[in-house]
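Reader: I am in my first year and should like to examine one part of this protein slowly instead of skimming the whole. Please take a close look at a single helix, and explain each term when it is introduced.

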Amino acid sequence: MTLQEYDYARESPSKLAAGCLLLALTMKNLGGWTPTLEYYSGYTAQDLHPLVKRLNFLLTYQPRDKLNAVRSKYSHKVFFEVAKVTPMDMLKLEEALTSC
C-alpha cells in the first residue's frame, strides 16, 4: 500500500520493512522487537515507533477508491486475507509500542 503513497517514498526500504514487521507483530500479539531483530535490522523499536503509527494510520484511513486491485488480490484466502485484517486502535497501539 505504501508504494503508491508519496509520503513513504523518503523512507528507506529496510526501515519500511522493519516498521511493517513490528506493526504485524504488534497486531497479532506475537511479541515485540527482540534484540535479534534489532541487531539484524539495525533499527531499535524506538526508531520505528513513528513509522509504525503512520502505517497503522494508513491502514485505518485508507482511501477506498485507490488500490482496489491490490485490496481484492490480498483479500483472497491464498494470501491469507491480509487485506481484511482490522487495524489496531491508535491508543492500544501506543500502549503496545511503549511497552516494547
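Author: The account that follows concerns helix α3, the pocket to which it contributes, and some residues that belong to the same picture.

This is a predicted model, in which local features need pLDDT of at least 70 and side-chain atom pairs count only at pLDDT 80 or more, while totals for chains, interfaces and linings use all residues. Residues are numbered from 1 along each chain as its sequence is written, and side-chain values use heavy atoms, with hydrogens and water left out.

Let us begin with the pocket. A grid of 1 Å is laid over the protein atoms alone; a cavity is a set of points where a 1.4 Å probe fits but cannot get out, whereas a pocket is an open set with protein on both sides within 12 Å along at least five of seven lines, and lining residues have an atom within 4 Å of a point. Points are joined across faces, edges and corners, and the volume is the space filled by probe spheres set on them. By this reckoning the largest pocket has a volume of about 720 Å³. Its lining consists of 21 residues, and M1, C20, L59, V82 and A83 lie nearest the centre. Helix α3 (45-60) is among the elements that give two or more residues to this lining, together with α1 (13-27) and α4 (68-73). Helices (H or I, at least four residues) and strands (E, at least two) are DSSP runs, numbered from the N terminus. The greatest contribution comes from α1, with six residues. In character the lining comprises 17 nonpolar, two polar and two charged residues; here Ala, Val, Leu, Ile, Met, Phe, Trp, Tyr, Cys and Pro count as nonpolar, Asp, Glu, Lys and Arg as charged, and the others, Gly among them, as polar.

L59 joins the two subjects, for this residue is found in helix α3 and is also one of those nearest the pocket centre. Its relative accessibility is 25%, so L59 counts as partly exposed (buried means under 20% relative accessible area, exposed over 50%, and partly exposed in between, with a 1.4 Å probe and protein chains only). Leaving aside residues up to four places away in sequence, L59 touches M1, L23, M27 and P87, where contact means heavy atoms within 4.5 Å. L59 and M88 are 29 residues apart in sequence, and their C-alpha atoms are 8.9 Å apart in space.

Helix α3 also takes part in salt bridges. A salt bridge is a side-chain nitrogen of Lys or Arg within 4 Å of a carboxyl oxygen of Asp or Glu, and the whole structure has three. In one, the side chains of E11 and R54 meet at 2.9 Å, N to O. E11 lies in the segment before α1 and R54 in helix α3, so this pair ties together parts 43 residues apart in sequence. E11 is buried because its relative accessibility is 16%, whereas R54, at 26%, is partly exposed. In another, K53 meets E94, with the closest N and O atoms 2.7 Å apart. That pair also links distant parts of the chain, from K53 in helix α3 to E94 in helix α5 (residues 90-98), 41 residues away. Both partners are partly exposed, K53 at 29% and E94 at 32%.

Outside the helix, K84 forms a salt bridge with E81, the closest N and O atoms being 3.8 Å apart. K84 is exposed at 52%, while E81 is partly exposed at 28%. E81 is placed in the loop between α4 and α5 and has a positive phi of about 50 degrees, although it is not a glycine. F80 is placed in the loop between α4 and α5, and its phi is positive too, at about 60 degrees.

Aromatic rings complete the picture. Rings of Phe, Tyr and Trp (its six-membered ring) pair if their centres lie within 6.5 Å; planes under 30 degrees apart count as stacked, over 60 as edge-to-face and the rest as tilted. The structure holds three such pairs. The centres of F57 and Y61 are 4.7 Å apart and their planes stand at 45 degrees, so the pair is tilted. F57 is partly exposed at 46%, and Y61 is exposed at 55%.
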